[in-house]
Amino acid sequence: MAAENSQAQSLTRNVQHVVLGNLRFQTWYQSIYPEDLVSKDTDTLYVCRWCFRYSCDIQTHASHTRLCPHRTTPPGTKVYDHAGYSVWEVDGADHKLFGQNLSLFAKLFLDHKSVFFDVVSFLYYILVFTNPNSAGNDPNETYHILGFFSKEKLSWDANNLACILVFPPYQHKQLGKLLMGISYKISGWERDSSLIGGPEKPLSEMGSRSYSRFWEERIARHLLLHPSSDGSQAGAGATAAQLEEPKAQKPTSNKGRRKHSYKLMTVQEISRATGMLTEDVITALRGFGVVEPATPSKTRKGTQSDPNESKANPVVIRRSKVLEWTKTHNVSIRDPVREEGFLLSQSEPATDRELEIPGSDDE
């Protein structure tokens, strides 16, 4: 059955393989390249790894790559740079052809969600790797674009990401999580809590799996690393939750029981702390596997502490269980997105710049 599906998919693809730089790999889906330039039965499409200009002729492709205007520097403005990985913001209004070619290329690996020609209203964030050991030694090895995400300049649904793709040769290297984290950081939620958002939905099956894990890791880091105002660690819950941690002190009874400290938090508080939508917080907590029902005494205590809180049952999350979860799933407690890597001025919110849209999208 799998072989039949693969064969059927191959018959519907108009391009079977692409060459990107010195890499040749198979496509997954059909893209709407102009039929007068790319026929329906193209075996190999040559794509410039710097500007995504395409050709079916290898000589035409080689001639272009020698003169590509983006050969040495990516288009747009660098907004993040750390350990060889950088992210460049490309305005679709300023680089229309680049945005269109990138979208056409991305559609070869995306079943849905791709804007081909209306690129003016979008920003593209391309993930670039530059090997510091080879810089300047080989003119053909300047930099590599590994993937990208796009977002609308003005989203009525508070989406901080419209489309995301790590190119197939670079997948399974945690680069998607890096892009997701950067999309939250540049959305401006830390400066204005009203900008809290998430990816455009519905998510694909693969996108749903990727984001669920990303959200789980994001909340785990928040619980383990971010202290609350009273010095204890912050907790989270399905609607109201308590993070429990034993204190090192003498037993309070003959039975040797120890007191525990609790921090009561709501989904809304976790949302504001992480920039995640409340529905995404709930999705992550449900998939965590570390949430426990609260005892009646804790439920009464939590309800009395905040009379305005909803009557949904609180839950308990133990910090030790969260730490165990990170070890079991080989999750680094340190955020892969480094604060020191951002070059964008914090005094200039991204949303302010994004609203500078031309009066018309027409050519």
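A residue counts as buried here when its relative accessible area is under 20%. By that yardstick, buried residues make up 47% of the 363 residues in the protein chain of this predicted model. The chain exposes about 19,100 Å², and carbon and sulfur atoms supply 50% of that area. As for secondary structure, the chain holds 10 helices and 15 strands. Among contacts with a separation of 6 or more, 64% are between residues 24 or more positions apart.

One of the sheets can be picked up towards the start of the chain. It is an open sheet of four strands, laid out in the order S2-S1-S3-S4, with mixed pairing. Its edges are strand S2 (23-26) and strand S4 (54-55), each of which pairs on one side only. Further in, strand S1 (residues 15-20) and strand S3 (residues 42-47) run parallel and are joined by five bridges. Within this sheet, Val18 stands opposite Leu45 of S3.

Turning to the open spaces, the largest pocket takes in about 850 Å³. Its lining counts 32 residues, and those nearest the centre are Gln171, Met180, Met206, Gly207 and Ser210. Three elements give two or more residues to this lining: strand S10 (163-166), H4 and H5. H5 gives the most, with six residues. By residue class, the pocket lining splits into 16 nonpolar, nine polar and seven charged residues.

Then there are the enclosed spaces. A search of the whole structure turns up four cavities of 30 Å³ or more. The second largest cavity holds about 50 Å³ of space, and its lining is made up of Lys177, Gly181, Phe214, Glu217, Arg218, Arg221, Asp335 and Pro336. Two elements, helix H4 (175-185) and helix H5 (205-225), give two or more residues to this lining. H5 has the largest share here, at four residues. Five of the lining residues of this cavity are charged, with two nonpolar and one polar making up the rest. So what do the two spaces have in common? H4 and H5 each give two or more residues to the lining of the largest pocket and to that of the second largest cavity.

H4 deserves a look of its own. How many of its residues are buried? The helix is mostly covered, with 11 of its 11 residues buried. Among them are Lys177 and Gly181, both of which line the second largest cavity. Met180 is also one of the buried residues of H4, and it belongs to the group that lies nearest the centre of the largest pocket. The buried set further includes Ser183 and Tyr184, along with Lys185.

Ser183 and Tyr184 lead on to Asn160, as both are among the residues that Asn160 touches. Asn160 is found in strand S9 (residues 159-161). Is this residue buried or exposed? Asn160 has a relative accessible area of 3%, which is why it counts as buried. Leaving aside residues up to four places away in sequence, the neighbours it touches are Phe149, Lys151, Ser183, Tyr184, Ser187, Gly197, Gly198 and Pro199. Ser183 and Tyr184 are themselves buried residues of H4, and thus the contacts of Asn160 link strand S9 to that helix.

Terms used: Residues are numbered from 1 along each chain as its sequence is written. This is a predicted model: local features need pLDDT of at least 70, side-chain atom pairs count only at pLDDT 80 or more; totals for chains, interfaces and linings use all residues. Side-chain values use heavy atoms; hydrogens and water are left out. On a 1 Å grid over the protein atoms alone, a cavity is a set of points where a 1.4 Å probe fits but cannot get out, and a pocket is an open set with protein on both sides within 12 Å along at least five of seven lines; lining residues have an atom within 4 Å of a point. Grid points are joined across faces, edges and corners, and a volume is the space filled by probe spheres set on the points. Ala, Val, Leu, Ile, Met, Phe, Trp, Tyr, Cys and Pro count as nonpolar, Asp, Glu, Lys and Arg as charged, and the others, Gly among them, as polar. Buried means under 20% relative accessible area, exposed over 50%, partly exposed in between (1.4 Å probe, protein chains only). Contact means heavy atoms within 4.5 Å. Accessible areas come from the Shrake-Rupley method with a 1.4 Å probe; for residues, only the protein chains shown count as cover. Two strands pair if DSSP finds at least two bridges between them.
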